[in-house]
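I open a fresh page for this one. My plan is to look up a few things and write each one down.

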2 protein chains.
Amino acid sequence: MEDLHFMRLWDRYSPLLTDTQREITNLYFNFDLSLAEIAEEKGCSRQSVSDCLNKCRKQLEEYEEKLHLVAITEALEAFGEKYPEHRQEVEQISESGK
Amino acid sequence: MEDLHFMRLWDRYSPLLTDTQREITNLYFNFDLSLAEIAEEKGCSRQSVSDCLNKCRKQLEEYEEKLHLVAITEALEAFGEKYPEHRQEVEQISESGK
C-alpha cells in the first residue's frame, strides 16, 4: 500500500526529479527491481540506491504537501465513481495533467 | 492578459518558490506594485527586482509544462460551466489543490 502511494506521487511529480532520480525511482516503483538489482544495473552501491530512494520519497511528499496534485487526482476519481455518466470527462481532465 | 496567466501560475505554484521570490512576485502580481515600488520596499535595485520576476516567470512556466496544474484547474472550471449542477463540487476539487 505504501508503494502504491509513492507510485501515485511518482506518476504526478516525476518530471520534477533529475534524470538519475527519475530513472532509479522508475526501476524501483514501476519495474519492481530490488535495491541490489538497481545497484548492479547502475554500477553503484546498494546504499547509494537506498539513499536516492529515501531522498526522492521525501521530495515527492514535499511536492504533494505544496501542490496537492494527487489529492486532486483522487478527488476526480471519486467524482467519476459517484457520477459514472461523467467518468470519461473527468478522466480526461485528470489526464490533461500528464 | 499576460499577467492574468502569471497570476494563475502563481496561484498554483508559488509554494515552490523561495520566500524572497514569493514575496517579490506577490507584490508585483497580486498587489500590483511597480518595479520601482518593490525595489524601494525591498531596498534593492530596480534591475534585481526585474531579474527576479523574469526568473520566476520562467520557473512558473516550467512547472506548468511539467505538471499542468493550471490546465487541470481550467478544465475543471469549464466542466463546472458546462454542468452548473456540479459546479460547487468541482470547485471543491480544484480548491483541494490549495
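**A glutamate between the chains**

I began with E89(B), which counts as partly exposed at 22% relative accessibility. I noted at once that the model is predicted. Next I looked for a partner of E89(B). I found a salt bridge with K82(A), the closest N and O atoms being 2.9 Å apart. E89(B) lies in helix α6 of chain B and K82(A) in helix α5 of chain A, so this pair joins two chains. K82(A) is exposed, with a relative accessible area of 54%.

I then checked E89(A). Its side chain meets that of K82(B) in a salt bridge, 2.9 Å from N to O. Between chain B and chain A the count is 2 salt bridges.

**The interface**

How many residues of chain B are in contact with chain A? I read off 24 residues of chain B, in contact with 24 residues of chain A. The two chains bury about 2100 Å² between them, and 73% of that is on carbon and sulfur atoms. L67(B), I72(B) and I93(B) supply 26% of the area that chain B buries against chain A, more than any other three residues.

I also looked at polar contacts across the interface. The rule finds 5 residue pairs, with both residues at pLDDT 80 or more. On chain B, the elements giving two or more residues to the side that touches chain A are α1, α4, α5 and α6. The largest share, 7 residues, comes from α5(B). By class, that side of chain B has 14 nonpolar, 5 polar and 5 charged residues.

**Salt bridges inside a chain**

Over all chains the count comes to 10 salt bridges. I followed some of them within single chains.

R8(B) and E77(B) meet through their side chains, at 2.6 Å from N to O. This pair links distant parts of the chain: R8(B) is in helix α1 of chain B and E77(B) in helix α5 of chain B, 69 residues apart. R8(B) is partly exposed at 26% relative accessible area. E77(B) is also partly exposed, at 36%.

K42(B) and E23(B) form a salt bridge at 2.9 Å, N to O. K42(B) sits in helix α3 of chain B and E23(B) in helix α2 of chain B, 19 residues apart. K42(B) is partly exposed at 31%, and E23(B) is partly exposed at 38%.

In chain A, I found R8(A), E74(A) and E77(A) linked in a network of salt bridges.

**Cysteines**

Why are C52(A) and C56(A) not bonded? Their sulfurs are 4.0 Å apart, and C56(A) holds the closest cysteine sulfur to C52(A), so the gap is too far for a bond. The cut-off for a disulfide is 2.5 Å. In chain B, the sulfur of C56(B) is 4.1 Å from its closest cysteine sulfur, in C52(B), again too far for a bond. The count of disulfides over all chains is 0. C52(A) is buried at 13% relative accessible area, and C56(B) is buried at 0%.

**Two last look-ups**

Where is H68(A)? I found it in the loop between α4 and α5 of chain A. Its phi is near 60°, a positive value in a residue other than glycine. H68(B) lies in the loop between α4 and α5 of chain B, and its phi is near 60°.

Is E40(A) buried or exposed? E40(A) counts as exposed, at 70% relative accessibility. Its place is helix α3 of chain A. The C-alpha atoms of E40(A) and D11(A) are separated by 25 Å, with the two residues 29 apart along the chain.

Terms used:
Residues are numbered from 1 along each chain as its sequence is written. Chains are lettered from A and ligands numbered from 1 in the order in which they are written. Side-chain values use heavy atoms; hydrogens and water are left out. Contact means heavy atoms within 4.5 Å. Buried area is the accessible area (1.4 Å probe) that two parts lose on being put together, summed over both. A salt bridge is a side-chain nitrogen of Lys or Arg within 4 Å of a carboxyl oxygen of Asp or Glu. A polar contact is a pair of N or O atoms within 3.5 Å; within protein, one must be able to donate a hydrogen and the other to accept it, and residues adjacent in sequence count only if both atoms are side-chain atoms. Helices (H or I, at least four residues) and strands (E, at least two) are DSSP runs, numbered from the N terminus. Ala, Val, Leu, Ile, Met, Phe, Trp, Tyr, Cys and Pro count as nonpolar, Asp, Glu, Lys and Arg as charged, and the others, Gly among them, as polar. Buried means under 20% relative accessible area, exposed over 50%, partly exposed in between (1.4 Å probe, protein chains only).
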